Number of protein chains: 2
Amino acid sequence: MKRITLLAVILLAAATSFAQQALWGGQAIVSPEIHDDNTVTFRLRAPKAVKVEVTGDFLPTQPTETPYGKFDMPGTAELKENKDGVWEYTTPAPLASELYSYTFMVDGQRINDPANVAMIRDVASVTNVFIIPGNPGDLYSVKDVPHGSVTRRWYDSPTLKEQRRITIYTPPGYEKDHQTYPVFYLLHGSGGDEEAWIALGRTAQIMDNLIARGKAKPMIIVMPNGHTQNAAAPGESSRSYLPAMGGGPRQAVASMEDSFGDILKFVESNYRVKKDKANRAVAGLSMGGMHSAAISAQYPNTFDYVGVFSAPPIATLMARDKDEAAKYTEEFLKKLQVQKKNGFKLYWIACGNTDFLYQSVIDSMKKMDEMGFKYTYRESGEGHIWKNWRIYLSEFAPMLFK
Amino acid sequence: MKRITLLAVILLAAATSFAQQALWGGQAIVSPEIHDDNTVTFRLRAPKAVKVEVTGDFLPTQPTETPYGKFDMPGTAELKENKDGVWEYTTPAPLASELYSYTFMVDGQRINDPANVAMIRDVASVTNVFIIPGNPGDLYSVKDVPHGSVTRRWYDSPTLKEQRRITIYTPPGYEKDHQTYPVFYLLHGSGGDEEAWIALGRTAQIMDNLIARGKAKPMIIVMPNGHTQNAAAPGESSRSYLPAMGGGPRQAVASMEDSFGDILKFVESNYRVKKDKANRAVAGLSMGGMHSAAISAQYPNTFDYVGVFSAPPIATLMARDKDEAAKYTEEFLKKLQVQKKNGFKLYWIACGNTDFLYQSVIDSMKKMDEMGFKYTYRESGEGHIWKNWRIYLSEFAPMLFK
């Protein structure tokens, strides 16, 4: 059999399997092409298209009308068609080091870049990503360093009366040594699930790299699903997936806070972990930040390290009216008094200065100031975005368990 | 804060994060809708589109011109636009139980279904999937049974001089008990990587369900990356990803067969496994089937169970000409003689009767017949597709370690 025939045979092996059809064609297109000066060219073959745009967080934001008002949204740039129906756009200036997401819009319809194998799923949306090297991009990249393991497994939640899926990072060497490790519980936001911190948060890459650089202690990172109405991420559960927003027919039998003890118990009876306050941390973003504040207050003397990213620790967002908010605040402040009295090593609040929750974070801190509750505040630029949450994780993890 | 405001705030939390934009809109659309009679309706909101089609393996195949000749490819069906710019197509007849893949084509451009959160990545392609319940669909679904764990970790390959990524399924209870387990090495095809059997092969679901039904013994399943030019799946390696087909600048320093000993050593020194021939199986699809035949011949007295799915055990596809093919065959037949003499419990060859490799499988078996090499042959319908490989796994696993 001649080489040319072999190639045909192998390509057919791909082509006749439906799901592999995308291996056909497009292979001559390089997209995105990251040039030496960190400008980037995007390309898409779309000979029938009338208009091709790219949108993503590498573009300046634009004020955009939404059903909820005018907000800064990622901008768009138009690609120009050249010969062979290939559309192209090159950024006018070099991009700063970062992990960027983008998608094409062909005549208004969103599509992924068929030339880019790097994709990250976020709930129902899969977007292409690319990393501009440097700092912090290198921290988010798979580097030639020892790698930890990432396991998807299931734990029993007697409180929620079901098995639930959970993602666990164990540091390099965990399987071989006999040490015990500290544990960091890392919680996602309302738009996420037990895959969010691994996929968009780049937790495994950040931790592998921080540990290799001697910047963070080896630790176990536990990433549960924070929506008690679901047992797992979309497609990973025996139940239908219920969107996080808007509710659904099944009401959770308990809250994330009330069922969190099941996770603690599972981790401490299944992993070689240090089981004291000095070796437990909890942090999360947005809804997960509110969870972290609430959990650390609800489980007294359990966590020495608390991280609240892009969320108010005193979370009155769910209150129906001012009275309910005032009542919640009063009760929560009592818990904070106990937490203050019990003591802790670090209570770290981080928020972007354009975050739509910014003012609520400031308001929370005012109340905490009034009661003499000691926290550390880290203010970054920009808003409620993964770029900030990756930065916060990269800064928070090195402060733990020292 | 009123409820309506809260909803706006939460939606904004999603919207202002670029990658979560897809959470906007479309929520009124149900697609695919699986009706009680197992007909299915697909829907897409695309008010600007001129033509919307759906293509997928639930449709009859159509003879299609390709650069490599005329082949049966998945057919397409046209959606019809109704009010509000929503396009719709309902299958004319019920679908048989199966896991199906599909994608939309909007004016010729391929897009995923924004209303369906169930998606599977296959190399560079992400397609939507849905499961019609029954047999075998239920076997591929996450059911309310004990679940095994799936770990992505890295092993050292001294032969390939690098760390390589590997996916490992451990059966329910593995972490808690003190038993030793048999090991099944499961290899992907030329279009796959260490994620393929988990994602498209539904290995975790099939094994969880088979074990729960008492049909298969609890076992560890090891899924390595079979392309020695890559260390990991796209985006998971510190090196650039080299397409499996067409080669690339880096030549692998050794073949999958020659470096397989590193995997055996890693597994047997890191997991509680039974370390004898009677408790080792190797199987794979297409290229992985050829790997399985070659590995079981190259490592004498190592495997009692061999599975060759949709591939000829005597693989002369890589030969440049007839002479090279004849020489390879002669050498391989010598190894098979040794394997025959050493003995084994099961050598299982499975192929679809429309597979483009069908004739090469028949030719291999003729040669094995001539030398009195005992195998079991399972012929299915259809060709070189994941539907068949899921069936083969579901049939092969129950025969192991009895």
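Helices (H or I, at least four residues) and strands (E, at least two) are DSSP runs, numbered from the N terminus. This is a predicted model, where local features need pLDDT of at least 70, side-chain atom pairs count only at pLDDT 80 or more, and totals for chains, interfaces and linings use all residues. Residues are numbered from 1 along each chain as its sequence is written, with chains lettered from A and ligands numbered from 1 in the order in which they are written.

**Exercise 1. Backbone exceptions**

Locate Asp107(A) and state what sets its phi apart.

Solution.
- Start with the place: Asp107(A) sits in the loop between S9 and strand S10 (109-111) of chain A.
- Next, the torsion: phi is positive, about 50°, although Asp107(A) is not a glycine.
- For context, most residues other than glycine have a negative phi, and most peptide bonds are trans.
- Then burial. A residue is buried if 20 or more other C-beta atoms lie within 10 Å of its own, exposed if 12 or fewer, and partly exposed in between, with C-beta atoms placed from the backbone.
- Asp107(A) has 18 other C-beta atoms within 10 Å, so it is partly exposed.

Now do the same for Glu382(B).

Solution.
- Glu382(B) belongs to the loop between strand S20 (376-380) and helix H8 (386-396) of chain B.
- Its phi is positive, about 60°, and it is not a glycine.
- Glu382(B) has 16 C-beta neighbours inside 10 Å, so it counts as partly exposed.

Find a cis peptide bond in chain A and one in chain B.

Solution.
- In chain A, the bond joining Ser31(A) and Pro32(A) is cis, with omega about -10°.
- Pro32(A) is in the loop between helix H1 (3-16) and S1 of chain A.
- In chain B, the bond from Asn135(B) to Pro136(B) is cis, with omega near 10°.
- Pro136(B) is in the loop between strand S12 (125-132) and strand S13 (149-157) of chain B.

**Exercise 2. Strand pairing**

Give the strand order of the open four-stranded sheet in chain A, and find its edges.

Solution.
- Two strands pair if DSSP finds at least two bridges between them.
- The order is S1-S2-S8-S7 (chain A), with antiparallel pairing.
- Strand S1 (33-34) and strand S7 (80-81) of chain A are at the edges; each has a single partner strand, so one side of each lacks a neighbour in the sheet.
- S7(A) pairs with strand S8 (residues 86-90) of chain A over two bridges, in the antiparallel sense.
- Within that pairing, Lys80(A) is opposite Glu88(A) in S8(A).

Which sense does the pairing of strand S18 (residues 305-309) of chain A with S19(A) take, parallel or antiparallel?

Solution.
- Five bridges join S18 to S19(A), and the two run parallel.
- Val308(A) stands opposite Ile349(A) in S19(A).
- Strand S19 (residues 346-352) of chain A has six of its seven residues buried, so the rest of the structure largely encloses it.

**Exercise 3. Domains of chain A**

Describe how domain 1 meets domain 2 in chain A.

Solution.
- Domain bounds come from an automatic or database domain assignment.
- That assignment gives domain 1 (25-134) and domain 2 (149-399).
- Their centres, taken over C-alpha atoms, are 32 Å apart.
- Two residues are in contact if their C-beta atoms, placed from the backbone, lie within 7 Å.
- Eight residues of domain 1 of chain A contact 10 residues of domain 2 of chain A.
- On the domain 1 side, strand S9 (98-106) and strand S11 (119-122) of chain A are the elements giving two or more residues.
- S11(A) gives the most, with three residues.
- That side divides into four nonpolar (Ala, Val, Leu, Ile, Met, Phe, Trp, Tyr, Cys and Pro), no polar (the others, Gly among them) and four charged (Asp, Glu, Lys and Arg) residues.

**Exercise 4. Confidence**

Decide where chain A should not be read in detail.

Solution.
- pLDDT is the predictor's confidence in each residue, from 0 to 100.
- Chain A averages a pLDDT of 88, and 89% of the residues score at least 70.
- Over residues 1-27 of chain A, pLDDT stays under 50; the model has 65 contacts there beyond four places in sequence.
- Residues 246-250 of chain A are also below 50, with five contacts beyond near neighbours in sequence.
- Where pLDDT is low, the predicted coordinates should not be read in detail.
- The model scores ipTM 0.88 and pTM 0.90.
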